[in-house]
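Trainee: I have a new structure to read. Can we go through it step by step?
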Amino acid sequence: MSIVKINVLTVPAEQRELLEQRFAARAGAVENSDGFEWFELLRPLEGTDEYLVYTRWRSEEDFQAWMNGPRKAAHEGGGERPKPAATGSTLWSFEVVQQASPKN
């Protein structure tokens, strides 16, 4: 079964729009990676300043290959990097043990 990685990003209210713009601009950056299955950026509705970045991968090895390859290259590229929109980040990891989809 697949694995799920959820990056929990603490984002102050004044940085929300910037974070969402940056994710929109990165469209396609992960979609062609071997083993990539799904991506969602989840905006909090109430009670928290934490966004969730949900990705699903075929295996831990595929995720690590992306982390150590394309993701690392994109985040360590030359030139001056803009200030992060998030003030904190925590990575959660899960293994999918059951799943369901609509019956239609």
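Mentor: We will move from the whole fold to one residue, and remember that this is a predicted model.

Trainee: What pattern does the protein follow along the sequence?
Mentor: Start by counting elements. There are two helices and four strands. Put them in sequence order, and the pattern reads β-α-β-β-α-β.

Trainee: In what order do the strands lie in the sheet?
Mentor: Sheet order need not be read from the sequence; look at the pairings. Strand 1 (residues 3-10) pairs with strand 3 over eight bridges, in the antiparallel sense. Strand 2 also runs antiparallel to strand 3, joined by six bridges. The open sheet of four strands has the order 2-3-1-4.

Trainee: Which strands are the edge strands?
Mentor: Use the order 2-3-1-4 and look at its two ends. An edge strand here pairs on one side only. That gives strand 2 (36-42) and strand 4 (88-95).

Trainee: How many degrees does the twist average from one strand to the next?
Mentor: Stay with the open sheet of four strands. Go from one strand to the next and take the average twist. The value is 15 degrees.

Trainee: Which strands does helix 1 touch?
Mentor: Helix 1 covers residues 16-25 and packs on the sheet. Its direction makes about 20 degrees with that of strand 3. The strands touched by helix 1 are strand 1, strand 2 and strand 3.

Trainee: Which residue in strand 3 is the bridge partner of W38?
Mentor: Warm up on the strand 1 side. I6 stands opposite Y54 in strand 3, and V8 stands opposite L52. Now turn to strand 2, which is joined to strand 3 by six bridges. The bridge partner of W38 is R56.

Trainee: Why does T55 count as buried?
Mentor: T55 lies in strand 3, residues 50-57. T55 touches I3, V4, K5, F36, W38 and F39, leaving aside residues up to four places away in sequence. The cut-off for buried is under 20% relative accessible area. T55 counts as buried because its relative accessible area is 8%.

Trainee: With which side chain does the side chain of T55 make a polar contact?
Mentor: Look within strand 3, where T55 lies. The polar contact spans 3.0 Å. The partner is the side chain of W57.

Trainee: What share of the residues count as buried?
Mentor: T55 is one buried residue. Now take the whole protein, with its 104 residues. The buried share is 26%.

Definitions and conventions. Residues numbered from 1 in each chain as written. Predicted model: local features only at pLDDT ≥ 70, side-chain atom pairs only at ≥ 80, totals over all residues. Heavy atoms only, no water. Buried < 20%, exposed > 50% of the residue type's maximum accessible area, 1.4 Å probe, protein only. Polar contact = N/O pair within 3.5 Å; in protein donor to acceptor, adjacent residues only side chain to side chain. Contact = heavy atoms within 4.5 Å. Pairing = 2+ DSSP bridges. Axes fitted to C-alpha atoms, helices over the stretch in contact; angles between N-to-C directions.
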